[in-house]
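User: I should like to work through this structure by question and answer. Please end each reply on the value or name requested.

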Amino acid sequence: MKKLFRRIIISVMVLLPSFQLMAQDPDLLKLIEGDEKPEKIRIKYAFKSPRVINSHSMEFLNPGTMDFRILHRFGQINQGYKNFFGLDQASMRMGFDFGILHNLMAGIGRSTYKKELDGFIKYAPIRQSTGPWSSPVTLALVAGMTMDGTDWSDPERQNFFTSRLAYYFQAIIGRKFSESFTLQVAPTMVHKNLAVLEKDPNNIYALGIGGRIKLSKRIAFTWDYSHVFIGMPDSGYYHPLSVGFDIETGGHVFQLHFSNSTGMNERAFITETTANWGKGDIRFGFNLSRVFQIKKKKSGEPKW
Amino acid sequence: MKNLVGLTLLIFLTSAGYGQKFFTKNGKINFDATSSSSPERIEGVNRSATCVMDAKSGAIQFAVLMKGFEFERALMEEHFNENYVESNKYPKSEFKGKVKDADEIDLSKDGTYKVKVKGDITIHGETKEVETEGKLVVQNGKINADAEFSVKLSDFKISIPGLVADKVSKTAKIAVSCSLEPLKNQ
């Protein structure tokens, strides 16, 4: 019995190294595979820019970067040649947005329309990711404020500074479904401290639907629609819809589009869009975005 | 019983000689596609390349995740991943090759060895054969492996649009630097 036992041990000992020899897989990398823990990795680049067209997108600026944005909205195309299809008139907004953390950004802007100054802060508690504890969607929250800079419409009555102010609050729920398709919905509330007419409500509720279809590596088709559910005046106002193309040219992103809204901040385009797509009151517009690196990127930035 | 001990020892000694392998999981790969006329440096670095080398046969393999390349400017990193190497479609780049005349050098001895490495490199889903000179420095049972070579981006179907042609070079310099440690429990 002892002998048999010894024989078994010896034969195992002799055979072992030959097994090892057989195990010499031509794929050496397999030898060190498999013992890594799966990592949580953020899904990036859902949109080319932190704005779909007018609305905020689920995407954020990289930390340490500044996005200088110049936005133009021209006149209505159906004005014909006399106004050169609207290009004779232009309304613009200039903005500076700053990436602070991978999920925090803030910005300010000034529009010619109503000489309005606006500012916002945007934060994402949840970002779309893969791996353990991942989320299928990004949830971003935006809070913004606008300040009307025009003269009082009625200087006779007692006017308060606060009447110039309006606020907006937005939750963006978005998902990059694939490399080429991104969709987001954004319930939004706009509060105006002063409504124009007595019967106009101060609170306006809307739902934004924005998306992107990538056509090539550098060109994408985008749309940006806000449906105003509560607070839309009975006549003369419409739901803002913009459709366009994002074109990326190395350092710049051009967002060329057609829209029925003139306003370029949430208060203006959600509550004061007076043109009707149905009647062909469409404007051409573009956003030009140039991102500057203002703080050197730290190496070894966490993937999460 | 004495025989058994002797036999075991013998087996252990011989198995130690069988294709001792070395590896790393944090090899450094530098990528530089700065054009001579470019005002800014187009370069990235990846510090988590994996490499396994078989000292006996001279077989050497690398793998690197393209998303792991870090650039000084975030926008450059975005363009690298989105527009050039398409890291979602082709997440990994690999090299599988061999150190030429591996049997002529004894990597169990400390020293510096100049070697030639030849093999297939796969980037952006395209495979090409490359040959380069490298340096192996053996010290205290570890191997430092360094190599530098250039690849033509068009060979890997990575196109450079005319608009950035003055910044991004048509060839990229790739520098590899790994500190390989003995692979245990093989």
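User: What phi does B:Glu86 take just after α2(B)?

Analyst: This is a predicted model. B:Glu86 comes just after helix α2 of chain B. Its phi is positive, at about 45°.

User: Which residues of helix α2 of chain B are buried?

Analyst: The helix spans residues 74-84. A residue counts as buried if 20 or more other C-beta atoms lie within 10 Å of its own. In α2 of chain B, the buried residues are B:Ala74, B:Met76, B:His79, B:Phe80, B:Asn81 and B:Tyr84.

User: Which strands of chain A are included in what covers the buried residues of α2(B)?

Analyst: The cover draws on both chains. From chain B it includes β2 (43-54) and β4 (70-71). From chain A it includes β2 (65-76) and β14 (283-293).

User: Which strand gives the most to the largest nonpolar core?

Analyst: This core has 46 residues, and B:Cys51, B:Met53, B:Ile143 and B:Leu180 touch the most other members. B:Leu180 touches residues including B:Phe22, B:Cys51, B:Met53 and B:Ile143. With six residues, the strand that gives the most to the core is β9 (residues 168-182) of chain B.

User: How many bridges join strand β8 to strand β9 in chain A?

Analyst: Twelve strands of chain A, β8 and β9 among them, close into a barrel with antiparallel pairing. Strands of a sheet pair through backbone hydrogen bonds. A:Phe169 stands opposite A:Met189 in β9(A). Between β8 (residues 165-176) and β9 (residues 181-192) of chain A, the number of bridges is nine.

Technical notes:
Residues numbered from 1 in each chain as written. Chains lettered and ligands numbered in written order. Predicted model: local features only at pLDDT ≥ 70, side-chain atom pairs only at ≥ 80, totals over all residues. Core = buried A, V, L, I, M, F, W, Y, C linked by C-beta atoms within 7 Å. Buried ≥ 20, exposed ≤ 12 C-beta atoms within 10 Å, placed from the backbone. Helix = DSSP H or I, 4+ residues; strand = E, 2+ residues; numbered from the N terminus. Contact = placed C-beta atoms within 7 Å. Pairing = 2+ DSSP bridges. Lists of a residue's contacts leave out its neighbours within four places in sequence.
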